[in-house]
Amino acid sequence: MFTFTNSVALITGGSRGIGRAVARAFTSAGGTVAINYHQDHEAAESAVGDIVANGGRAQAWSADVANRSAVRDMVAAIRDTFGRIDYVVTSAGIWSANRLVEFNEERFESTLRTNIHGTLWPILEAQSALAAARGAIVTIGSTAGQRGEDDYSPYALSKGGVHALTKSLAVELAPEIRVNCVAPGWVRTDMTDDALTGERVSRALRGIPLGRIAEPEDLAGPILFLLSEHARHITGEILNVNGGSVLCG
Ligand code: NAP
């Protein structure tokens, strides 16, 4: 259904979870991926190995997305290696509890730096390449950014910021570059592994009309759709992929 032959996508956080599923799907559709990660070299190698073993083209780059100069160097290296960047998917992110009663300022700031700055820097640094390719961007928001999340207010704040950033940049970067966002609910990845155990699974399921926890692959199709030609008249959209748990734009 999707064809991305001769195009290159930078996928931040592409070594694990949702980003990894997107990288795999994008290469299955003929594209090349630059997988960004931060610290887990083994996961990045495994993601690249998996794609190459299936006939795809991928290379991994380590860079902290919160650090603009590291992102700038990474984008330059990707352009040197692959010659172009057509798409950016900003999946790198962190989710850490931070209750007001025992508020941790350092964790608050690292959440905002990773999730907000870490969304903006790759977009800014890849902007000229994307404009040349008339490309597209998909950011990753969250139900938390739409309805808030108790005990995780900095995370909810960061994801509300991603939604606002998406809409703002969609207008600023038009008509050359489309910018959309996918807002997942619960997805089974390393991020949520500890939280999705025992009674907490049934509690989560009670809030999901479709009655299932998403797998990373459930996000890959909608993200590829937003990158693809099929979405050529869509920009500034927040697409809910949450089993019906939050029904708003
Ligand atoms: P995950 O499985 O924990 O994977 C996180 C990825 O982000 C890893 O590749 C990690 O690389 C990378 N990363 C983290 N901090 C980074 C940094 N500073 N610089 C560069 N890369 C960094 O997470 P996920 O569940 O796939 O989540 C992906 C996105 O979806 C996040 O933005 C998350 O907030 C959002 N989301 C997830 C859920 C869910 O239920 N899982 C729900 C709603 C939204 P390293 O391993 O090398 O650090």
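**Sheet, flanking helices and a pocket**

Helix α3, spanning residues 68–82, lies across β1 (8–12), β2 and β3, and its direction runs at about 155° to β3. The model described here is predicted.

The strands crossed by α3 belong to an open sheet of 7 strands, paired in the parallel sense and ordered β3-β2-β1-β4-β5-β6-β7. The edges of the sheet are occupied by β3 (57–62) and β7 (238–241); each has a single partner strand, so one side of each is left without a neighbour in the sheet. On average, and with direction ignored, neighbouring strands are turned by 20° against each other. Helix α2, formed by residues 41–53, also packs on the sheet, where it touches β2 (32–37) and β3. The direction of α2 makes about 170° with that of β3.

At the β7 edge, the partner strand is β6, which comprises residues 178–184. The pairing of β6 with β7 is parallel and extends over 4 bridges. Within this pair, Val182 has Leu239 of β7 as its bridge partner.

Pockets were also examined. The second largest pocket holds about 220 Å³ of space. It is lined by 13 residues, of which Arg134, Gly135, Arg178, Leu227 and Glu229 are the closest to its centre. By class, the lining of this pocket consists of 6 charged, 5 nonpolar and 2 polar residues. Residue 178, one of those closest to the pocket centre, is also the residue at which the β6 range 178–184 begins.

Methods: Residues numbered from 1 in each chain as written. Predicted model: local features only at pLDDT ≥ 70, side-chain atom pairs only at ≥ 80, totals over all residues. Heavy atoms only, no water. 1 Å grid on protein atoms, 1.4 Å probe; cavity = no way out; pocket = protein on both sides within 12 Å on 5 of 7 lines; lining within 4 Å. Points joined across faces, edges and corners; volume = space filled by probe spheres on them. Nonpolar A, V, L, I, M, F, W, Y, C, P; charged D, E, K, R; others polar. Pairing = 2+ DSSP bridges. Helix = DSSP H or I, 4+ residues; strand = E, 2+ residues; numbered from the N terminus. Axes fitted to C-alpha atoms, helices over the stretch in contact; angles between N-to-C directions. Contact = heavy atoms within 4.5 Å.
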